[in-house]
Each structure stands twice: as structure tokens, then as C-alpha cells.
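User: Please take a close look at the open and enclosed spaces in this model, and at the surface beside them in your account. I would like one connected answer.

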Amino acid sequence: MQTLSTDLAAHIAQEVTTLATCWRIQRLDGAAFCFTDHDKDLTVGGQTYLADSGMTPSAVTSQIDLAVDNMEFEGMLSADSLTEADVLSGLFDHATVSIFMVNYADATMGTLGLKTGYLGEVRIENGYFVAEMRGLASVLAQTIGEVYTPTCRAKLGDARCGIDLSGFTVTGTLTNVEASHAFTDSARTEANDYFSYGVITFTSGANNGLSMEIRSFQSGRFSLFLPMPYLPSAGDTYTAVAGCDKLFGTCVSRFSNAVNFRGEPTVPGTDAMLETAGTFKSS
């Protein structure tokens, strides 16, 4: 339960109010973006909330139980701080969001908190971005702990994996581009699938600084799971990290890291668990 200031509570009780909605988005990299649906920029708590985003939030609902409550808001990519490339590259995924109301005629009255949560799916539709906001209760629906799996549960290069990625990272230059999700570096000599499930990061060109997961690698040709925000060009430079398909054989042959394999490759599968004794028939 939140407590309102006496002045703000009295203002809300009036028949005519001067309230505006504000929202603050903080990405995982620490960058913060503040917007308001008021027609002018507002300064609240020393932070400027921009009025040029054109955002429209859906109705804000809350549940009295632990049911997950979600909402969406959409807006034009009109604010200078919001770019299509950043949205498509996933920089806003899982960002924290705070939504509140304020008296735009006197912001010193304090705020009325409406919702705090996280961004879920963020997508682009006809020049608009649409973001799903998930309430804090959504965290309770996530699986905590681990289950037995034949594949590795660690992420390549993390503390549990222990692999130093510097020895499995290469640099190169594109020599041919088919599409935003398919291009070739003819100088690559690594074996097929060496970079499959790895990550490519562009270090020049229109996609400079953006990364994407690699779907497959064959004879110097990279195919991505999702297209890059902008069409690459021959001559663009990149770094690529070897991929890991989470299989024990790959962990041994490619990374010599069997001691840190975080899976159970010999665990019985569903077929083995469902096996029953066969029916004996006498002759």
C-alpha cells in the first residue's frame, strides 16, 4: 500500500485534476529513458520526462492475488533516444519500468505509483514499437532451480563453463552479402558448424556494435537466427565467437572442457522411463 502526500491526495479528490502519466525505462546496461503523455516535457525528481515519444499505454490493471498482470504500451519511434536498431537488437528486452502519475501543474506534490515491472516482448510494427510490460508477479511464475538434462545448462564463457572466449573469438571482413541474415567471409577456414549457435558482433558499418546469434556456419557463410536491423555491406568488419550446441561431444572435441560440462549426457530419456515389461507368451 502506498502513501500519497496530503497535497496530491487533495488534488486527486477534486472534480477537475491536472494529472499526467510518466514512465521510466531503465535498460540492463544502465541507460534510462523517461517519457510522459503530457504535451510538454516535465521535470520530476530532477529527471526530465520527454513528451515527444507519442506513447500510449493500455489500461493498467492490478490483481489482489498473485495472478500475473500484464499490459502493453506502444509509441512512435519519434524520440531521438529511441531508435529502431536498439529495439530490434534487444537492448530494451527485460528493462525495468516504473509508471506513475504526477500533477503536471505542481510536480512537487509527489507521485502516484501505478505499476512497476519488466519489459517482455518488444517488437516493431509499421514504424511503431509495441512493448509488453510484465508485473513483478511474473517472476514468481519462472522456474527456480535446475532439472536433469542431457545438454549443458551453462552458458558458453560464464563462470560455470569456465572457458576463456578470447581463444575462440575471431575477427574478419565480409566479402559477400546475400541478405541481412546471410553473408559470407571467404577468408574463413574454420570447419563447418564451428560458429553455429555462436554470436557475431559488427565492428563497422550500419550495424556497428550490434550482435546476433548465428544459426549456421558453412564454408565461410554465416546464417543468422534473426536478420540484422540494417543490411550489412561487403567490407563490414566483425568479431565472431565459436558456438556451442550444448552437447557433451562438442564440449570435449571443441573446447576440451568435459570437467565443467553442466549436463547429464547419460540420463535416460522419456522412452526408457516409459518402458514396461513385455508380455510373455508360451508356445
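Analyst:
**Surface patch, pocket and cavities**

Phe-225 is partly exposed, because its relative accessible area is 38%, which falls between the limits of 20% for buried and 50% for exposed. The model is predicted. Phe-225 sits in a loop, the one that runs between β15 (221-224) and β16 (237-241). On the surface, Phe-225 joins Tyr-197 and Leu-226 in a nonpolar patch. Together the three have about 320 Å² of accessible area.

Now the largest pocket. Its space comes to about 630 Å³. The lining has 25 residues. Closest to the centre are Gly-198, Val-199, Ser-211, Met-212 and Glu-213. Two elements, α2 (84-88) and β14 (211-218), each give two or more residues to this lining. β14 has the largest share, with four residues. Sorted by class, the pocket lining holds 16 nonpolar residues, five polar and four charged.

Next, the enclosed spaces. The model has two cavities of 30 Å³ or more. The largest cavity has a volume of about 110 Å³. It is lined by 14 residues. Four cysteines, Cys-152, Cys-161, Cys-244 and Cys-251, are among the residues closest to its centre, along with Asn-257. By class, the lining of the largest cavity has 10 nonpolar residues, two polar and two charged.

Definitions and conventions. Residues are numbered from 1 along each chain as its sequence is written. This is a predicted model: local features need pLDDT of at least 70, side-chain atom pairs count only at pLDDT 80 or more; totals for chains, interfaces and linings use all residues. Side-chain values use heavy atoms; hydrogens and water are left out. On a 1 Å grid over the protein atoms alone, a cavity is a set of points where a 1.4 Å probe fits but cannot get out, and a pocket is an open set with protein on both sides within 12 Å along at least five of seven lines; lining residues have an atom within 4 Å of a point. Grid points are joined across faces, edges and corners, and a volume is the space filled by probe spheres set on the points. Ala, Val, Leu, Ile, Met, Phe, Trp, Tyr, Cys and Pro count as nonpolar, Asp, Glu, Lys and Arg as charged, and the others, Gly among them, as polar. Patches are made of residues with over 30% relative accessible area and no salt bridge: like charges are joined within 9 Å, nonpolar side chains (Val, Leu, Ile, Met, Phe, Trp, Tyr) within 5 Å. Accessible areas come from the Shrake-Rupley method with a 1.4 Å probe; for residues, only the protein chains shown count as cover. A salt bridge is a side-chain nitrogen of Lys or Arg within 4 Å of a carboxyl oxygen of Asp or Glu. Buried means under 20% relative accessible area, exposed over 50%, partly exposed in between (1.4 Å probe, protein chains only).
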